[in-house]
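Reader: I would like a close look at the salt bridges in this chain. Please keep the cut-offs explicit.

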Amino acid sequence: MNLDWLQSLKWPAAIPQPSFLWPQFLWLLLALPVLVLLYVWVQRRRKKLAVRYASLSIVRQALGKGPGWRRHLPPLLLLLALAALILASARPTAVVSLPSNQQTIILAMDVSASMRATDVEPNRLVAAQEAAKTFLKELPRDIKVGIVAFAGSAQVAQGPTLNREDLVSAIDRFQLQRATATGNAIVISLSTLFPKAGIELQQLSLERMRGGVGRSLDQAPPKQDEFVPVPPGSYTTGAIVMLTDGQRTTGVDPLDAAKMAADRGVKVYTVGVGTVDGEIIGFEGWSMRVRLDEETLKTIAQKTAAEYFYAGTAHDQKRVYQNLSSRLTLEKKETEVSALFALAGALLALLAGGLSVWWFGRVL
């Protein structure tokens, strides 16, 4: 049975369009108008039978005031109950917010010298450290968190763990270094999420030198030849949150690394710290203007089906991490809601029967 007409209806933007796994059962709704007509016919037939009494006024006096609208309410509730049960049989689905099954989150944090800039008070690094600690407090205790620190290179500062104290200690140990390797941070984060996948920086760098000849960038050693890319964002048990304030100055191309993450379904949420125009800072006898490369960060997030957040102040950083916490612990999913319709139908049927017994001493 073709029910394409359901999809062609113009639904209000605020109301989600209905979706059913077994839409053929919706044809049963056509029985409801038949029941309404049958009910009207029965009521009219009762009136005709009542006319046979010799003195209808005497009967009315004996019975007192009639039930009025109450006589029709139980049947109406029963009709609504049947409608809800029919909708339940069609297995409706809806997009609802449910607890996420995230198990591991990797925090990739920039510790390059540009994080000394004071356009974010007291400076970018301290603000980032405090925001990250707040983020850890917001996350459920059953989610593992790992920390990758990156500057000219990237390394695991703390492997994935449930111990929040170890994570805070790793954050407090950050040391500023030269250069910024955002691509390396993504690759090291992926290797931390998939420790048995053979993901290595050397592999990615070598393939770039070869101009892409040879093994795919997404294949490490021969055992990984069977790797098959998955849709971006489809990996739901882990994610990467990368916080950085500058442009990539060394290491692998961050967009190549983002493709590697996208092919594995891993979302890379990016957080830009500092001002877009940046400022001039000095470090160990040299100075440079540090700017925020928003375009690249937005592209990374887009490629991996994630989101980019701008954090221009310390307050913004905490707010961003709070938003991230809710996104990583709650996710919108399309799920079957037949049970809700069945429950509504059962309650309406009970209410109809209860009112009928209370008012008239009988079940309908």
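Author: What follows goes through the salt bridges and then turns to a buried acid without one. This is a predicted model: local features need pLDDT of at least 70, side-chain atom pairs count only at pLDDT 80 or more, and totals for chains, interfaces and linings use all residues. Residues are numbered from 1 along each chain as its sequence is written, and side-chain values use heavy atoms, with hydrogens and water left out.

The chain has 12 helices and 11 strands. These are DSSP runs numbered from the N terminus: helices are H or I with at least four residues, strands are E with at least two. Of its 364 residues, 40% count as buried. Buried means under 20% relative accessible area, exposed over 50%, and partly exposed in between (1.4 Å probe, protein chains only).

The whole structure holds five salt bridges. A salt bridge here is a side-chain nitrogen of Lys or Arg within 4 Å of a carboxyl oxygen of Asp or Glu.

Take Arg-91 and Glu-336. Their closest N and O atoms are 2.9 Å apart. Arg-91 sits in the loop between α4 and β2 (92-99), and Glu-336 in strand β11 (residues 330-336), so this bridge ties together parts 245 residues apart in sequence. Arg-91 is partly exposed at 25% relative accessible area. Glu-336 is also partly exposed, at 34%.

Next, Arg-124 and Asp-245. Their N to O distance is 2.6 Å. Arg-124 belongs to helix α5 (residues 124-138), while Asp-245 lies in the loop between β6 (238-244) and α9 (254-263), 121 residues apart. Both Arg-124 and Asp-245 are buried.

Asp-172 and Lys-133 also pair, at 2.6 Å, N to O. This bridge links helix α6 (residues 164-172), which holds Asp-172, to helix α5, which holds Lys-133, 39 residues apart. Asp-172 is partly exposed at 44% relative accessible area. Lys-133 is buried at 17%. Glu-130 joins Lys-133 and Asp-172 in a network of salt bridges.

Now the acid without a bridge. Asp-293 lies in the loop between β9 (286-290) and α10 (294-303). Asp-293 is buried yet has no salt bridge, and the nearest side chain of opposite charge, Arg-248, is 8.7 Å away. For that count, Lys and Arg are positive, Asp and Glu negative; His and the chain ends are not counted. Leaving aside neighbours within four places in sequence, Asp-293 is in contact (heavy atoms within 4.5 Å) with Gly-246 and Gln-247.
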